[in-house]
Amino acid sequence: MKDIARRAGVSESAVSFALNDRPGVSEVTRDRVRRVAEQLGWRPSTAARALSGEGAATVGLVVARPAATLGVDSFFLQLISGIQEVLAERQLGLLFQVVEDVEAECAAYRRWWAEHRVDGVLVVDPRTDDPRPALLEELGLPAVVTGGVPDPGRPPRAGLSTVWADDAGAMASVVGHLHALGHRRIVHIAGLPGLAHTERRVRTLRAEAERRGLSGVRSVTTDYSDAEGAAVTRRVLRSAAPPTALVYDNDVMAVAGVAAAASLGFAVPADVSVVAWEDSALCRMVHPWLTALSRDTVSFGRTAARELLGLLDDAPAGTVQVPLPTLIERESTGAVRAAG
């Protein structure tokens, strides 16, 4: 600021008024100061803005999952792409951290709040018994929960919005598709236990099976990795009454499952049909191409980021539902082969 003041021929306080868009200088002086600042490549100090109460110009995202499983998960890459696209419009940074569990995630929020590191946070992977919303409300840290389901029995927490997807409706569409093809033994190879969306999918599968009178339907939880996806596939296909259809909670496990099935002599879809929850390029790089649930995950990220910016601009907390995923039918699902 001293350099700008010297070159513009004004006081340092005048530079401060001009660059922070405050009254106290003429428009002519404000324009001259800004031109000099641009010439010198000046940018505001994020740390100084945070200490002065003007905000950190940064939002946070913590993912409490095994780091090894994130590198091959297309969902998070697309979600972050959408988030970053919106943040870039406001020249806001994204502070990203991977931790082992929710306890470590809560510790990160406390640390960021104490250090004024972020203005708000994006929360992913809601839990069935989740301590994070209450903590964020206590800290007064604006947040958007992505993937949660609003509770109609209570108003939104102060400063906490929700962007949610209808996992129950999506699972019902998958079961309906497989049931119409004659499948009665369906295994859902699910993601991490304890995640709210995992539990919703498991409950919906159970409810759909009961409604349709299907007894050979169940879910098996995993860590979302290709290794566990393949291991569970081999285990269920070796059972006395193997399933005729497999539903995987992500594309990586589905592709690994196809390979595991082939290694046991099962043809897809002649012997077993396969559905992937997340559509991606992977689903079209394996033979046969995989039937999959398709949604605009980049748009999901944009919506979450816009909701957080709204909270930072003092908009009230609320809930937003993203469109229901569409089931894209491809070659990996087919009618059950007649016995004999």
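What covers the buried side of helix H13 (residues 297–312)? The cover includes strand S1 (58–64), H6, S3, strand S4 (143–146), strand S5 (160–164) and strand S11 (319–321), with contact meaning heavy atoms within 4.5 Å. Helices (H or I, at least four residues) and strands (E, at least two) are DSSP runs, numbered from the N terminus. The model is predicted, with pLDDT of at least 70 needed for local features and 80 or more for side-chain atom pairs, while totals for chains, interfaces and linings use all residues. Residues are numbered from 1 along each chain as its sequence is written, and side-chain values use heavy atoms, leaving out hydrogens and water.

**Helix H13**

The buried residues of H13 are Thr 297, Val 298, Phe 300, Gly 301, Thr 303, Ala 304, Ala 305, Leu 308, Leu 309 and Leu 311. Here buried means under 20% relative accessible area, exposed over 50%, and partly exposed in between (1.4 Å probe, protein chains only). The 16 residues of H13 should span 22 Å at 1.5 Å a residue, and the 23 Å between its end C-alpha atoms agrees; the expected span is 1.5 Å times one less than the number of residues. At the start of H13, a side-chain oxygen of Asp 296 comes within 3.4 Å of the backbone nitrogen of Val 298. Just after the helix, Asp 314 has a positive phi of about 75 degrees.

One neighbour to look at is Val 121, which sits in strand S3 (residues 120–123). Val 121 counts as buried because its relative accessibility is 0%. Apart from neighbours within four places in sequence, its contacts include Gly 60, Tyr 109, Trp 112, Val 144 and Leu 308.

**Salt bridges**

A salt bridge is a side-chain nitrogen of Lys or Arg within 4 Å of a carboxyl oxygen of Asp or Glu. By this rule there are 17 salt bridges, among them these:

| Pair | Closest N and O atoms |
|---|---|
| Arg 6 and Asp 3 | 2.5 Å |
| Glu 85 and Arg 302 | 3.0 Å |
| Asp 130 and Arg 132 | 2.7 Å |

Glu 85 lies in helix H6 (residues 74–89) and Arg 302 in H13, so their salt bridge ties together parts 217 residues apart in sequence. Glu 85 is partly exposed at 39% relative accessible area, and Arg 302 is partly exposed at 22%. Arg 6 and Asp 3 are about one helical turn apart because they are three residues apart in helix H1 (residues 2–8). Arg 6 is exposed at 61%, whereas Arg 132 is buried at 0%. Asp 167, Arg 200, Arg 201 and Asp 249 are joined into one network by salt bridges that share partners.

**The open sheet**

Six strands form an open sheet of mixed pairing, in the order S7-S6-S8-S9-S10-S12; two strands pair if DSSP finds at least two bridges between them. At the edges are strand S7 (216–221) and strand S12 (326–328), each pairing on one side only. From one strand to the next, the twist averages 20 degrees. Strand S6 (residues 185–190) runs parallel to S7 over six bridges, and Ile 189 stands opposite Val 220 in S7.

Two helices meet this sheet. Helix H12 (residues 251–263) packs on it, touching S6, S8 and S9, at about 160 degrees to S9. Helix H9 (residues 167–180) lies across strands including S6 and S10, at about 155 degrees to S10. These axes are lines fitted to C-alpha atoms, for helices over the stretch in contact, and angles run from 0 to 180 degrees between N-to-C directions.

Terms used: Polar contact = N/O pair within 3.5 Å; in protein donor to acceptor, adjacent residues only side chain to side chain.
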